[in-house]
Amino acid sequence: MNNTVADAELDTVAALIRGAERILFITGAGISADSGLPTYRGVGGLYDDRLTAEGLSIEEALSGHTLATRPEITWRYIGEIEANCRNAGPNAAHHAIARLEREKPGVWVLTQNIDGLHRAAGSQNLIEIHGSVHKLLCTACAYERAVSDYAGLTLPPHCPECDHLLRPDVVLFGEMLPQAALAQLSTVMDAGPELVVTIGTTSVFPYIAGPVWWASQHGVPTVEINPGQSEVSRLVSHRLSIGAGQAMSALWSRLHGTH
Ligand SMILES: [Zn+2]
């Protein structure tokens, strides 16, 4: 990559961030890659197209149907995903977004990630559209509990109140997106973001690409931070073909005069 061009592009994007109050960041697995997490597709891409030991596709293993009928299988693979997240901490990109929110209360994050790293960095205007592995819910009663990790849990875990199955608060394959998260996203879109920044996502899901489409149709600037191409690459007005941590650190230093 030509560094002169990259500097000019970074200056341009930093100016867009400086000039906007309502900024929507859309993030996917790529933002967590700098924390050492694998870039998986949805919840299942950890396993590519391999079948599980049970002969199921990973989409079947991580589906609402399998959770209901063979919960030990779903829990085994959710447990593997959680084990990958364990000990991973937020990186420079997560921190920069959380700090920006403290300066600009109109900053929001829409994330596909279930790793909880935006929350760990301090983001509060956060829409976790696929849920989080760090919350468990009872499948029968109103019991719920936050967990920092699954160490010490016997899988599949059972409810201490009613002994029915507990589940992670994540959207499994074949399940609906959470209504509360969708409603929150609508509110953010109704307010009209002045800048949309997509980071580390291939944007294959329509609800992830949607805000970029909306912005491009309304003349709102859009930025993609992604070393590779994605579904929205041809739509965005600015592209930074570098990793999330490097890009957000460079932008942060421009915004705060340390560059
Ligand atoms: Zn219960």
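Biologist: How many residue pairs are in polar contact across the interface of domain 1 and domain 2?

Modeller: Zero, counting pairs with both residues at pLDDT 80 or more. A polar contact is a pair of N or O atoms within 3.5 Å; within protein, one must be able to donate a hydrogen and the other to accept it, and residues adjacent in sequence count only if both atoms are side-chain atoms. This is a predicted model, where local features need pLDDT of at least 70 and side-chain atom pairs count only at pLDDT 80 or more, while totals for chains, interfaces and linings use all residues. Residues are numbered from 1 along each chain, and side-chain values use heavy atoms, without hydrogens and water.

Biologist: What is the count of salt bridges between domain 1 and domain 2?

Modeller: Also zero. A salt bridge needs a side-chain nitrogen of Lys or Arg within 4 Å of a carboxyl oxygen of Asp or Glu.

Biologist: Which residues are the protein donors of the zinc ion?

Modeller: Cys138, Cys141, Cys159 and Cys162, each through SG. Donors are N, O and S atoms within 2.8 Å of the metal (3.2 Å for Na, K and Ca); water is not among the atoms, so sites may look incomplete. These SG atoms lie 2.2 to 2.3 Å from the zinc ion. Their residues are spaced C-x2-C-x17-C-x2-C.

Biologist: Why is the arrangement around the zinc ion called tetrahedral?

Modeller: Four donors count as tetrahedral if all angles lie between 85 and 135 degrees. Here the angles are 101 to 118 degrees, so the arrangement is tetrahedral.

Methods: Four donors count as tetrahedral if all angles lie between 85 and 135 degrees; four count as square planar and six as octahedral if opposite donors are over 155 degrees apart and all others between 65 and 115; anything else is irregular.
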